[in-house]
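Me: I'd like to go through this one by asking things and working out the replies. Can you take me through it?

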Amino acid sequence: MSSKSSIEFKHVYSLTSEWMTKFSTELGCTIVNDTIMHFPKHLAEGSSYFLNIHPDMSVFVFDMIHKQSVNFSRMPVEEAYWILYYDLSDDNNQHVIKNIKHSVGENSKLSFAIMDSRTQSAYISKKGVREFSLRILVRKSFITQLLHTKQLSNNISQMLDNELFFYGLIDSKSKSILFDLKKKKIDSPFYNLLINSVAYNLLGFFLEKQSQFNMDDENSIFERDRDAILKSHEFLIADLTVPFPGIETLVQIANMSITKYRRLYKSIYKTTPVAFFRTEKLLYAKQLMETGNFRSISEIAFSLGYNNVNHFMIIYKKQFGSCPFDEI
């Protein structure tokens with residue numbers, strides 16, 4: 001379904017290049033050697049790159065500036081694989097899973113996700129913004145084979161057995177090689193060798209990090225707890241124009257103790273609810289300034305619930321390294 005302002009496009013991913021066919025027939029993308037996919041000019045300026053680097057593992061990169069917003073709805077499949085998702089887009093796009101919207105991108109607290117192939121998700125691009133994202137598809141059976149000589153940590157064992165999704169930050173080592181990849185053009189020589197190396201390194205970093213945790217059942221994040229945290233998080237970011245709702249309100253929504261809530265929230269988002277809310281609020285303030293629809297700093301500050309303009313200016317400069325006056 002489509003309109004002049006937006007497009008909803010339903011599709012699936014696969015470990016082979018077959019997934020690209022629907023992009024070609026329905027969106028008008030041009031496929032070159034089952035590897036590079038150019039988007040039509042009215043949709044985006046840029047391309048994607050796909051490479052099947054192992055019978056059980058594939059990687060693809062999207063690098064483009066969208067001409068209009070597109071809702072890429074990925075439909076679930078029965079084939080059991082993980083999707084490791086990394087997003088270093090210039091601005092924040094939206095990722096939707098289980099009807100919960102998450103802001104993803106280089107400046108977001110959420111730049112990494114792991115999803116099960118059996119869980120539906122959607123990626124909503126922003127018009128005029130460079131999307132740079134990488135996805136690794138890897139069969140669960142392949143992960144088991146890789147680690148069969150080692151004792152699997154409880155964390156990885158549970159992840160393999162369950163249909164899951166998880167959001168967080170890209171670790172520093174992964175971010176470093178992704179920034180280097182972002183500087184390269186998809187049609188540059190030896191891009192296939194580069195992306196092959198990047199994919200294996202990212203998978204290695206991910207598994208190394210997960211295997212460091214020896215989480216027993218008491219400390220594991222079960223699906224019901226994760227859903228409760230996500231529900232409270234959705235409430236937290238639903239309206240950035242109001243003050244922080246308070247930890248007590250979030251705890252009540254999640255229906256758990258304050259101690260447990262703080263531990264699980266930080267485990268998922270790698271920060272506290274207060275810090276996350278403050279960062280998202282300031283990012284929203286920056287977006288409002290860039291619209292040019294506000295005449296003064298105080299007007300923006302008051303619209304976001306800051307009664308003290310000087311305090312707003314101080315925390316804004318601490319966050320972005322520049323004064324709000326430089327933006328408006």
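Reply: Sure, here is a set of questions with short reasoned replies, and keep in mind that this is a predicted model.

Me: Let's start with the overall make-up. How many helices and how many strands are in the protein chain?
Reply: The protein chain runs to 328 residues, and 48% of them count as buried. Its secondary structure mixes both kinds of element, and the count is 11 helices and 13 strands.

Me: What share of the contacts between residues at least 6 apart joins residues at least 24 apart?
Reply: Start with the contacts in the protein chain between residues at least 6 apart in sequence. Then keep those that join residues at least 24 apart, and the share is 69%.

Me: And the surface: what part of the accessible surface belongs to carbon and sulfur atoms?
Reply: The accessible surface of the protein chain comes to about 16,000 Å². The part that belongs to carbon and sulfur atoms is 51%.

Me: On to the strands. Which strand pairs with β12 over 9 bridges, and which over 7?
Reply: Strand β12 covers residues 130–139, and 8 of its 10 residues are buried. Its antiparallel pairing over 7 bridges is with β7, residues 81–87, where tyrosine 81 stands opposite arginine 139. The antiparallel pairing over 9 bridges is with residues 57–66, and that strand is β5.

Me: Which residues of β12 stand opposite methionine 64 and phenylalanine 60?
Reply: Both pairs belong to the antiparallel match of β5 with β12. Methionine 64 has glutamate 131 across from it. For phenylalanine 60, the residue opposite is arginine 135.

Me: How many residues are in the hairpin link that joins β4 to β5?
Reply: β4 (residues 44–54) and β5 run antiparallel, with 10 bridges between them. One of these pairs asparagine 52 with serine 58 in β5, and β5 itself is mostly covered, with 9 of its 10 residues buried. The hairpin passes from β4 to β5 through 2 residues.

Me: Now the holes. Which residues lie closest to the centre of the largest cavity?
Reply: The search of the whole structure turns up 2 cavities of 30 Å³ or more, and the largest has a volume of about 140 Å³. There are 17 residues lining the largest cavity, and the closest to its centre are His11, Tyr13, Phe72, Tyr123 and Arg135.

Me: Which strands each supply at least two residues of that lining, and how many of the lining residues are nonpolar?
Reply: The strands that each supply at least two residues are β5, β6 (69–74), β7, β11 (121–124) and β12. By type, the lining of the largest cavity has 4 polar and 3 charged residues, and the nonpolar ones number 10.

Me: What about the second largest pocket: which element gives the most to its lining?
Reply: This pocket holds about 520 Å³ of space. Of its 21 lining residues, the closest to the centre are Gln94, Ser103, Ile237, Leu240 and Glu280. The elements that give two or more residues are β8 (93–97), β9 (100–104), α6 (223–237) and α9 (273–291). With 5 residues, the top contributor is α9.

Me: How many residues of that pocket's lining are charged?
Reply: The lining of the second largest pocket divides into 8 nonpolar and 8 polar residues, plus a charged group. The charged residues number 5.

Me: Is asparagine 33 buried or exposed?
Reply: Asparagine 33 is in the loop between β2 (30–32) and β3 (36–38), and has a positive phi of about 55° although it is not a glycine. Most residues other than glycine have a negative phi. The relative accessibility of asparagine 33 is 69%, and the cut-off is over 50%, so this residue counts as exposed.

Me: And phenylalanine 190, buried or exposed?
Reply: Phenylalanine 190 is in the loop between α4 (172–182) and α5 (191–211), and its phi is positive too, about 65°. Its relative accessibility is 62%, so phenylalanine 190 counts as exposed.

Me: Last one: is valine 104 buried or exposed?
Reply: Valine 104 is part of strand β9. Its C-alpha atom is separated by 8.2 Å from that of leucine 88, 16 residues away along the chain. Relative accessibility for valine 104 is 1%, and the cut-off is under 20%, so the residue counts as buried.

Terms used: Residues are numbered from 1 along each chain as its sequence is written. This is a predicted model: local features need pLDDT of at least 70, side-chain atom pairs count only at pLDDT 80 or more; totals for chains, interfaces and linings use all residues. Side-chain values use heavy atoms; hydrogens and water are left out. Helices (H or I, at least four residues) and strands (E, at least two) are DSSP runs, numbered from the N terminus. Buried means under 20% relative accessible area, exposed over 50%, partly exposed in between (1.4 Å probe, protein chains only). Contact means heavy atoms within 4.5 Å. Accessible areas come from the Shrake-Rupley method with a 1.4 Å probe; for residues, only the protein chains shown count as cover. Two strands pair if DSSP finds at least two bridges between them. On a 1 Å grid over the protein atoms alone, a cavity is a set of points where a 1.4 Å probe fits but cannot get out, and a pocket is an open set with protein on both sides within 12 Å along at least five of seven lines; lining residues have an atom within 4 Å of a point. Grid points are joined across faces, edges and corners, and a volume is the space filled by probe spheres set on the points. Ala, Val, Leu, Ile, Met, Phe, Trp, Tyr, Cys and Pro count as nonpolar, Asp, Glu, Lys and Arg as charged, and the others, Gly among them, as polar.
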